[in-house]
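Biologist: Could we go through this model together? I have a few short questions.

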Amino acid sequence: MLIRLIFSIILIFSLIQSFISALHLHGHYSTKEFFRLLTKFGIQKTDQHRPDDTFGYIYGNITLDCQTKNCSSSKNLLFLILDYDYFVPLYKKQRTQSCSDMMAQIQTIAFHRQCHDTGTEDFWRHIPCEQGKLCADEDQPNNVIHDQQFTFKIRDINQPRFWYLSLISCYWNQTTCIWEKVDDDIQIEYDIWIVNGNPDTKSRDNRFEYHFSYDMHDLVEVYFVCILLYLFIPLPFVLIKIRSLTYLKHPILISYFLFQLLFFIGNILNLMHYFIFAYNGIGIYILVHIGNLITIIGESILILLLLFIAKGWLINTTVLRQGKKTVILFILYTIACCSCYILSIITTNPVIDSNHYQTFANYFSLLFRCFVMFLFVFELKETTQEEKNFERLQFFHHFGACCMVWFIYPTALIFIMSFVTELYRVKLIISVVILVNFLSILIISYILFSPKTFINLPKITSIKNEDRILNKTTTDTNGYHKSSITEHDEDDDEDDIEVYGPSHLLLNTSNQRS
C-alpha cells in the first residue's frame, strides 16, 4: 500500500513537472487562475557570425478554447517573456493580484503601440490570438515561423540567460492606459515551443542542445559516456566474478552486485528520458524520478556494504556484529532518503531552486548521510581496537579515510556549487555525482577482489583443481568443521593439512591452496 502511494505521488508530480519543464508546452489556461508560470528556459549566447542559427526561438499558437467557450472575447490578457531581473519583482507581487503593481517596472521599458510606443523591449503578446491569423502584436509577418501565430527571437551576445514564460490575467486599457484585471472567465489553449537554434534550418550543430535549456546542455553526452564506461569496465569484471564464485548468497557479494546494478539502471532511465526529450521536447520525466530513486537505493546498499566491511566481517571475524540492527538502520535510512527526494521535487520552486539538490529536503538527506558516517566511524573504531595485526590495521585506516571522503563529498559539492552560476550548476553536480559513483565501483571492486585483500570471500573450486583435491569434513562439538585436505602436486607429493573453521572459510582456504 505504501509503495503504491509513493508511486502515485511520483507519477502525479512527474506529470505536473513535465508540463513545467518541457520545452514543448501544450495545455489550457483559465483567467480564474490569474497567474501561471509556464517554464524557465536557458537561452544560449548568440554567435554574432551566425545570429539566425543561434538565436533563442519561442513560437507557437495561443487561441481561445472553443470546445468550452465561444470563440470570441472582448478582452485580452498577456503572454509574458521576461528575464530574471524583470520577472522576480513581478513574481513576488503575484499574491497581491494587483496588475498595476506587478506591471509597474515592466511598463517603463516594454513597447505598447497605444500606451508606450517609445518602449524598446518586446516582452509580451496580447492573447488570445484569432484563429488562423497572426497575433495582433506581430507587425512583421516575415519574422514569424511558418504555421505559427507568434515568434520571439531572443538575442544575447554577452552571455546565456534564463527566460521565464508566464500567463497573466491583466490587460492595458487602450483608452485610459491603466492596468486592469480580467474578470471574465476566458479559456485559453496554448501550444508553445522553446528552442535554442533556428527551427527552419534543416541541419543543426547538435541535436542534443536544440530542445534543451542551456543548463541541461551536454547531459546526454555525460550519461552516454557513463553507460559506455559501465559496459566496458565494471560489467565484464562482474560477469567474470559471477562465474568464479559459487557462494553468491553471501550478503557482502549480494550488496556488491546489487548496488552496481542499481547505479546502472538509474543512469539508463535518465538517458532514456533525455534521448526522448531530444526528439519531442517533452520526454518521460517520470523516468528521471524513478532513476534517481533507484540510484538513491543503490547508494544506501553501498553504505550497507561499507558498514559490513567496517565491522570486520570476513576479515577478522566470521560473525556480523549487531547484524539485525545494521539492516534495520539501512532500511530506515533508505526510506528517509527516498522521502526527502520525493519531498524535494514537490517543494522545488522553479524560480528560486534550479534543482532538487539545493532544497531543504535534500539538506535533511545530507544530515542523515552525516549521521550514518559517524556510525561508520564508530564501527570502524570498534573493529580496529580489537585488531592486532598491523597489516590489517593499515588496511582499515586506508579504507576508513577513503570512505570518509565518499561520505562527505555531497555536502562539500553542494556548498561549492552554490557559488557557481545556475546555468552550469546542474550539469556540474550531475557529472560529479556520476563520476564518483563510477569510481566507487572501481574502488570497492579492488577492495573485495584484490590479490592482497584481507576479505575472505567464498570462491569456487575450478574443475581442474577438483580432481586434485580431496576434502573430508567432519563436525566437532563446537559446530566447526574439521577438514582434511590432501593436495597432489606435480611430483606426486602429498601434504595433509587439518584446518578448523566455518565451512565457507574452509572452502576458501582449500581454493587458495589449490
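Biologist: Which residues does Asn-292 touch, not counting residues up to four places away in sequence?

Modeller: This is a predicted model. In it, Asn-292 touches Asn-270, Tyr-341 and His-356 once residues up to four places away are set aside.

Biologist: Where is the place of Asn-292, and is Asn-292 buried or exposed?

Modeller: Asn-292 sits in helix 9, which covers residues 285-310. Asn-292 counts as buried because its relative accessibility is 15%, and the cut-off for buried is under 20%.

Biologist: What does helix 9 give to the largest nonpolar core?

Modeller: The largest nonpolar core has 129 residues, and Phe-79, Ile-192 and Phe-399 touch the most other members. Helix 9 gives the most to this core, with 14 residues.

Biologist: Where does this core lie with respect to domain 1 and domain 2?

Modeller: It lies between them, because domain 1 (21-211) and domain 2 (218-459) both give residues to it. Another core, of 6 residues, lies apart from it; Tyr-57, Ile-145, Val-195 and Tyr-210 are among its members.

Biologist: Back to Ile-192: which residues is it in contact with, leaving aside neighbours within four places in sequence?

Modeller: The contacts of Ile-192 include Leu-23, His-24 and Leu-25. Also among them are Leu-38, Ile-58, Phe-79, Phe-150 and Leu-165.

Biologist: Changing topic to the open sheet of 4 strands: what is the order?

Modeller: The order is 1-10-3-6, and the pairing is antiparallel. Strand 1 (24-30) and strand 6 (150-154) are the edge strands, each pairing on one side only. From one strand to the next, the twist averages 20 degrees.

Biologist: How many bridges join strand 1 to strand 10?

Modeller: There are 7 bridges between strand 1 and strand 10 (residues 187-196), and the two run antiparallel. Within this pairing, Tyr-29 has Ile-188 as its bridge partner, while His-28 stands opposite Glu-189.

Biologist: Why is strand 1 largely enclosed by the rest of the structure?

Modeller: Strand 1 is largely enclosed because 5 of its 7 residues are buried. It is also an edge strand of the sheet, pairing on one side only.

Biologist: And the chain as a whole: how many helices and strands, and what share of residues count as buried?

Modeller: The chain has 15 helices and 13 strands. Of its 514 residues, 50% count as buried. The accessible surface comes to about 26400 Å², with 59% belonging to carbon and sulfur atoms.

Biologist: Among contacts between residues at least 6 apart in sequence, what share joins residues at least 24 apart?

Modeller: That share is 71%.

Note on methods:
Residues are numbered from 1 along each chain as its sequence is written. This is a predicted model: local features need pLDDT of at least 70, side-chain atom pairs count only at pLDDT 80 or more; totals for chains, interfaces and linings use all residues. Side-chain values use heavy atoms; hydrogens and water are left out. Buried means under 20% relative accessible area, exposed over 50%, partly exposed in between (1.4 Å probe, protein chains only). Contact means heavy atoms within 4.5 Å. Accessible areas come from the Shrake-Rupley method with a 1.4 Å probe; for residues, only the protein chains shown count as cover. Two strands pair if DSSP finds at least two bridges between them. Axes are lines fitted to C-alpha atoms, for helices over the stretch in contact, and angles run from 0 to 180 degrees between N-to-C directions. A nonpolar core is a set of buried Ala, Val, Leu, Ile, Met, Phe, Trp, Tyr and Cys residues joined through side-chain atoms within 4.5 Å. Domain bounds come from an automatic or database domain assignment.
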